[in-house]
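This briefing introduces selected features of one protein structure. Please keep the sequence and the 3D view at hand while reading.

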Amino acid sequence: MTDVTEKINKNYSPEDAALLKSAYDYAEEMHSGQKRASGEPYFTHPCAVAEILIDLGLDTPTVAAAFLHDVVEDTPATEDDIMRRFGKEIMTLVDGVTKLEKLHFRTHEEEDAENFRKIFVAMANDVRVIIIKLADRLHNMRSLNFLSNERQQRIAKETLEIFTPLAGRLGISQIKCELEDLCLKYLDPEAYEFLVTNINQELRDRKSFVDFVVEQINEILKESGIEGEVLGRPKHFYSIYRKMKNQGKTLDQIYDITAVRVIVNTMEECYEILGKIHKQWKPVPGRIKDYIATPKRNMYQSLHTTVVTNFGQFFEIQIRTAEMHRMAEYGIAAHWKYKENKANENNFDARLSWIRDVMDWQGSLNESKEFVDSLKNDLYDNELLVFTPQGKVISLPLEATPVDFAYAIHSEVGNKCVGAKVNGKIVALNSQLTTGDVVEILTQSNGKGPSWDWLKFVKSGSARAKIRQFFKREMKDENIKTGKAMLEAEAKRKGYNLNDLLTESSFNKLSNKLVFSSVNEMMASVGYGAVGVNQVIYKLIDYYKKEMPKPVEAIDAGKLKHTPAGSVTVKGMSGLLVRFAHCCNPVPGDDIVGFVSHGRGVIVHRTDCSNLSDFDPNRLQPAQWTGDIDTDFLAGIKVVAENYDGLTAFVIAEISAMRLSFTSINARINRDKQAEVEVRVKLNKRSDIDLLINRIKRDKHVIDVFRTTN
């Protein structure tokens with residue numbers, strides 16, 4: 001613990017140090033007696049988190065909140081206690097981290113979307129909350145070896161998918177690189193051990209060569225009269241691992257496991273040294289990158305070049321100023337570490353503008369998968385840089401189109417877009433841009449506005465949100481009608497009446513989940529595509545089923561009599577022929593009801609069969625499955641998916657994998673240009689059909705799978 005107190009005394013004023021020591025003492029007292037999975041006192045964790053933040057140069061309230069970040073969640077301390085002792089600012093930071101602690105990232109898309117939203121709300125309110133969370137995750141990853149293998153895998157996967165890209169997007173490379181290496185250690189331990197052993201050997205083998213390059217560049221600096229520092233820096237394991245995987249190379253084919261970094265005083269000196277290095281060694285075509293003139297989206301700036309010596313060895317050189325180096329290492333944290341100067345303020349505002357942009361468009365994307373996909377496009381470090389005709393650089397996600405470019409310029413440019421030129425030639429609006437393209441948008445002031453089809457190919461979350469906002473604003477009445485018709489049709493297709501499903505009670509429950517102020521707002525949201533039809537219908541059906549008693553629950557077991565069919569019992573019925581309805585194809589395990597027909601015995605239907613609403617309710621009798629059943633039944637399912645070759649073959653393969661057989665299969669394209677495959681399958685229990693549906697749903701192209709009624 002003395003290391004932390006020494007760092008506090010060294011880096012903070014006496015007044016700030018006193019506050020931090022008070023937070024230290026209070027957290028130590030509150031966590032007294034608690035242990036970590038390693039057996040260490042729990043307080044070692046908040047201490048380690050605070051130490052990481054001190055090294056990053058964070059301000060006093062942030063470090064104090066790091067000491068206290070678990071006390072409200074894990075000890076008797078309350079928010080009021082924190083407020084009284086440490087004030088509102090620190091309490092707000094602790095509260096923000098506490099709320100993020102409660103997030104659990106799973107595979108469910110709605111939960112993912114909600115969790116991502118909470119992260120970005122926290123960042124928009126105060127970015128320091130996320131920096132504390134990143135430090136918290138870093139220390140947890142450092143001590144992950146004390147957890148079970150299953151938890152190690154889950155936490156490492158979550159870290160790699162969510163927290164490392166966040167650290168990268170905020171420019172904090174120190175945290176990003178260490179997190180990536182730790183994730184690799186648990187997700188692919190064999191590869192990690194191979195790299196640890198072999199890279200260390202490679203570095204020893206290449207040391208004399210790197211020393212030679214450093215010496216040569218120092219000579220260039222000296223001859224040029226430029227003050228600077230030259231160092232060889234090994235790349236972190238994960239970056240090498242990713243390059244080997246993506247490029248299919250072995251370690252000895254990766255020539256840039258070490259980068260030589262040149263740090264000088266001015267931007268002009270960066271370019272001067274680049275030219276002299278290229279005079280000394282030949283640059284590799286296509287490997288010169290100017291991130292000074294066109295910074296990365298996280299505001300990283302540097303010149304990169306790969307050169308080859310006269311005896312054929314390749315190596316990478318990075319050239320930057322000391323200020324650029326600080327920003328590259330500390331990212332947004334440099335705002336606090338190096339206090340406030342104009343350059344840092346501009347970089348700080350630029351990084352926060354990205355967070356604000358996400359907050360601007362995220363509210364328009366209520367559909368979970370769409371929100372997560374759009375966010376990841378913006379989050380991960382995959383970008384292309386294109387130019388306006390005036391030479392302004394625009395950063396877009398990979399595979400972006402002219403429509404993405406138009407909306408990146410301005411909403412009105414996107415809304416009035418009627419065509420595009422790329423490098424002087426007319427192109428289709430859905431064509432993919434590449435880095436270096438010069439893009440010109442053709443507009444028409446009296447144009448009809450964006451097309452719904454644009455949503456199928458735009459890649460940026462911002463463009464998608466702005467298109468939806470246009471339809472939401474311009475076509476409200478039409479959207480309400482469209483949304484209502486879509487919901488009614490989908491409810492009917494699933495065997496329900498929308499009026500029965502959409503009660504005052506069910507709408508109140510739904511609005512708590514999806515935040516609608518009125519039924520019309522919900523209808524409009526469905527109509528313009530912000531909310532998926534099934535997202536609403538499935539919830540309404542779920543509420544309806546919970547409120548409506550199931551017929552089988554009303555059966556008095558003492559009054560049940562077996563029918564000759566042997567597999568079904570119907571209340572009050574004996575000696576009548578029992579048959580199964582072809583419209584809904586009930587199978588063992590379905591909720592069922594018997595319809596007493598004239599002269600045809602009892603016909604058994606699923607309780608969700610759409611035809612039941614046409615029957616006399618007095619002739620419906622509760623029924624249930626009974627005994628061992630050794631009979632094949634037919635069940636129909638429908639698969640709705642993106643239209644792609646091989647969908648039907650995929651469905652057949654899944655049926656075969658379960659050792660089931662089918663009697664018919666039909667495929668078609670619906671009016672939404674989606675593929676629909678209907679199949680009738682032979683089986684003898686409900687769990688088979690549920691398992692088959694779940695297997696098919698795993699395919700990323702599949703939109704929905706459900707039982708059918710004919």
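The points below cover a four-stranded sheet and two individual residues.

The model is predicted: local features need pLDDT of at least 70, side-chain atom pairs count only at pLDDT 80 or more, and totals for chains, interfaces and linings use all residues. Residues are numbered from 1 along each chain as its sequence is written, and side-chain values use heavy atoms, with hydrogens and water left out.

**The sheet and its helix**
- Four strands (E, DSSP runs of at least two residues, numbered from the N terminus) form an open antiparallel sheet in the order E19-E20-E18-E21.
- Strand E19 (661-669) and strand E21 (702-707) are the edge strands, and each pairs on one side only; pairing requires at least two bridges found by DSSP.
- Strand E18 (residues 633-641) pairs with E21 over five bridges, in the antiparallel sense, and Ala641 stands opposite Val702 in E21.
- Helix H28 (residues 686-697) lies across E18, strand E20 (675-683) and E21; helices are DSSP runs of H or I with at least four residues.

**Thr75**
- Thr75 is found in the loop between helix H5 (71-74) and helix H6 (79-86).
- Thr75 is buried, with a relative accessible area of 10%; buried means under 20% relative accessible area (1.4 Å probe, protein chains only).
- The side chain of Thr75 reaches the backbone oxygen of Val71 at 2.5 Å.

**Ile240**
- Ile240 is placed in helix H13 (residues 237-247) and is buried, with a relative accessible area of 2%.
- The C-alpha atoms of Ile240 and Ile254 are separated by 7.7 Å, and the two residues are 14 residues apart along the chain.

Methods
Buried means under 20% relative accessible area, exposed over 50%, partly exposed in between (1.4 Å probe, protein chains only). A polar contact is a pair of N or O atoms within 3.5 Å; within protein, one must be able to donate a hydrogen and the other to accept it, and residues adjacent in sequence count only if both atoms are side-chain atoms. Contact means heavy atoms within 4.5 Å. Axes are lines fitted to C-alpha atoms, for helices over the stretch in contact, and angles run from 0 to 180 degrees between N-to-C directions.
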